[in-house]
Amino acid sequence: MKTRQARGHAAALFTIVVWGTTFISTKVLLRGFQPVEILFIRFTLGLLALCLACPRRMKGVTKRQELIFAGAGLCGVCLYYLLENIALTYTLASNVGVILSVIPFFTAVLSHLFLKEPRPGGGFYLGFVVAMIGISLISFSGSQLELNPVGDLLSLLAAAVWACYVILTRKISAWGWSTILTTRRTFFWGILWMLPALLLFDCRLGLERFANPVYLGNLIFLGFGASAVCFVTWNLAVKLLGPVKTSVYTYLAPVITVAASVIILHEPITPLAVLGAALTLAGLLLSQGRSLLKKEAAK
C-alpha cells in the first residue's frame, strides 16, 4: 500500500512540475499560433506518441464506456483548455490562476456525490483555505485585483469541467485497461471535439511555422511531454491516490510557474510571492497530511 501511495504522489508531483512550466512554451507559441491551434497540434502529437508507445487496440468497449471516454475527452482535453484560454482574453492571468485553484474543492464535492467517497476531513478544508491565500498572494503580487465577470465565470467553469474530467478518469481506471490505452482513447475523443472549434476560430494550415525550430521544439515538448506523458502520469495518480488527493496537487501549479519564470525567464520575484509559495506548500501538506494521518490511525 505504501509503495502504491508513493508512486501516486510521485506521479502527481511530476505532472504538476511539468504542467507548471508549460506556460512558457504556450507564451512562445502564441506569437505564431492561435490557442486552439496549439491545443489541436499538441494533443494530436500526444495521440501519435501514445499510439507508438502502445499500438494494440482496446477490445470489448461497451457503448456506456465509450460515452464516458467521450465525456472525458470533452471535459479534460477540449473544454477545459478552451475555457481557460478564452478566459485569459477577458480577464487577468492572476484571476484565472486563483479561480482555477478551486479544482480540489469541486473534485471533493463531485467525488462525494458521484463516487460515494467519504467527505474530506477538516484538514482538507483548512489546507484549501491556506493554499487559496497563498495562491492569491502569488497571483496578485505586484498587480491589482480586477473583477471581470465574463472571464472569471469562464475560469470557474473551467475548474468545474476539470473536476468532472477527474471523476470520469476515476471511473475509467476501475475498468482495468492500461493507463496508456485509456488516455489514448480520451485524446482521440478530445481531438474530435476540437474540430468544430478549429472551424469556428478560422484556423490555417501554415506549415511554414513548423520550420521555426523554436516553435517546433515547444510543440514537441507540449505534445510529447505535457500531453502524452503527463496525462498518463496524472491518470495514474488518480487511479492510485483517488481524485481528491490527486487534485490537491494543482495547488502547486502557481508555485512551479513562479519558480520557472525566475529560473528560465529571469523574472523578478517579490517577498509576497515567496510568502504565497510557502503558504501554498503548507496548504498542500495540510490537505494531504491530515488525511494520511487519519488512514494510518485507522489501520
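**Exercise 1. Find what share of the chain's contacts with a separation of 6 or more joins residues 24 or more positions apart.**

Solution. Residues 24 or more positions apart account for 91% of the contacts in the chain with a separation of 6 or more. Keep in mind that this is a predicted model.

**Exercise 2. Describe the overall make-up of the chain: its helices, strands, extent and burial.**

Solution.
- Step 1: count the elements. The chain has 13 helices and zero strands. Reading along the sequence gives α-α-α-α-α-α-α-α-α-α-α-α-α.
- Step 2: take the extent. The C-alpha trace spans about 55 × 55 × 35 Å along its principal axes.
- Step 3: test the radius of gyration. A compact globule of 299 residues would have a value near 19 Å. The chain has 19 Å, which agrees.
- Step 4: check burial. Of the 299 residues, 51% count as buried.

**Exercise 3. Classify the packing of α4 against α9, and say which residues make the contact.**

Solution.
- Step 1: locate the helices. Helix α4 covers residues 63–90, and helix α9 covers residues 179–200.
- Step 2: read the geometry. The two axes come within 7 Å and cross at roughly 60°. That makes α4 oblique to α9.
- Step 3: add the hand. This crossing is right-handed.
- Step 4: list the contact. On α4 the residues are Glu66, Phe69, Ala70, Ala72, Gly73, Leu74, Val77, Cys78 and Leu82. On α9 they are Thr182, Arg185, Thr186, Phe187, Trp189, Gly190, Ile191, Trp193, Met194 and Ala197.
- Step 5: sort by class. The contact of α4 with α9 has 13 nonpolar, four polar and two charged residues.

**Exercise 4. Zoom in on Gly73. Is Gly73 buried or exposed?**

Solution.
- Step 1: place the residue. Gly73 is found in helix α4.
- Step 2: check accessibility. The relative accessible area of Gly73 is 0%, so Gly73 is buried.
- Step 3: find the partners. Leaving aside neighbours within four places in sequence, Gly73 is in contact with Cys78, Thr186, Trp189, Gly190 and Trp193.
- Step 4: take a distance. Gly73 and Thr169 are 96 residues apart in sequence, and their C-alpha atoms are 9.9 Å apart in space.

**Exercise 5. Do the same for Tyr165 and Ile41.**

Solution.
- Step 1: start with Tyr165. Its place is in helix α8, residues 149–173. Tyr165 has a relative accessible area of 1% and is buried.
- Step 2: list what Tyr165 touches. Residues up to four places away in sequence are not counted. The partners are Ala72, Cys75, Gly76, Thr186, Phe231, Trp234 and Asn235.
- Step 3: turn to Ile41. Helix α3, residues 35–53, holds Ile41. At 14% relative accessibility, Ile41 counts as buried, since the cut-off is under 20%.
- Step 4: list what Ile41 touches. Not counting residues up to four places away in sequence, the partners are Phe33, Phe210 and Leu219.
- Step 5: compare sequence and space. Ile41 and Leu219 are 178 residues apart along the chain, yet their C-alpha atoms are separated by 7.4 Å.

**Exercise 6. Work out how α1 packs against α10.**

Solution.
- Step 1: read the geometry. The axes of helix α1 (residues 2–19) and helix α10 (residues 213–241) come within 8 Å and cross at roughly 150°.
- Step 2: apply the cut-off. Angles over 145 degrees count as roughly antiparallel. So α1 and α10 are roughly antiparallel to each other.
- Step 3: add the hand. α1 passes α10 in a left-handed crossing.
- Step 4: name some contact residues. Those of α1 include Arg4, Phe14, Ile16 and Trp19. Those of α10 include Phe221, Phe231, Trp234 and Leu241.
- Step 5: sort by class. The contact of α1 with α10 divides into 16 nonpolar, five polar and three charged residues.

**Exercise 7. Examine α6, α7 and the loop between them.**

Solution.
- Step 1: read the geometry. Helix α6 (residues 103–114) and helix α7 (residues 122–140) pack at about 155°, with axes 10 Å apart. They are therefore roughly antiparallel.
- Step 2: list the contact. Pro104, Phe105 and Ala108 of α6 meet Phe124, Tyr125 and Phe128 of α7.
- Step 3: sort by class. The contact of α6 with α7 has six nonpolar, no polar and no charged residues.
- Step 4: look at the loop. Lys116 lies between α6 and α7. Its relative accessible area is 69%, so Lys116 is exposed.
- Step 5: check the backbone. Phi of Lys116 is near 60°, a positive value in a residue other than glycine.

How values were computed. Residues numbered from 1 in each chain as written. Predicted model: local features only at pLDDT ≥ 70, side-chain atom pairs only at ≥ 80, totals over all residues. Heavy atoms only, no water. Axes fitted to C-alpha atoms, helices over the stretch in contact; angles between N-to-C directions. Helix = DSSP H or I, 4+ residues; strand = E, 2+ residues; numbered from the N terminus. Parallel < 35°, antiparallel > 145°, perpendicular 65-115°, else oblique. Left-handed = near helix turned anticlockwise from the far one by under 90°. Contact = heavy atoms within 4.5 Å. Nonpolar A, V, L, I, M, F, W, Y, C, P; charged D, E, K, R; others polar. Rg over C-alpha atoms; globule rule 2.2 N^0.38 Å. Buried < 20%, exposed > 50% of the residue type's maximum accessible area, 1.4 Å probe, protein only.
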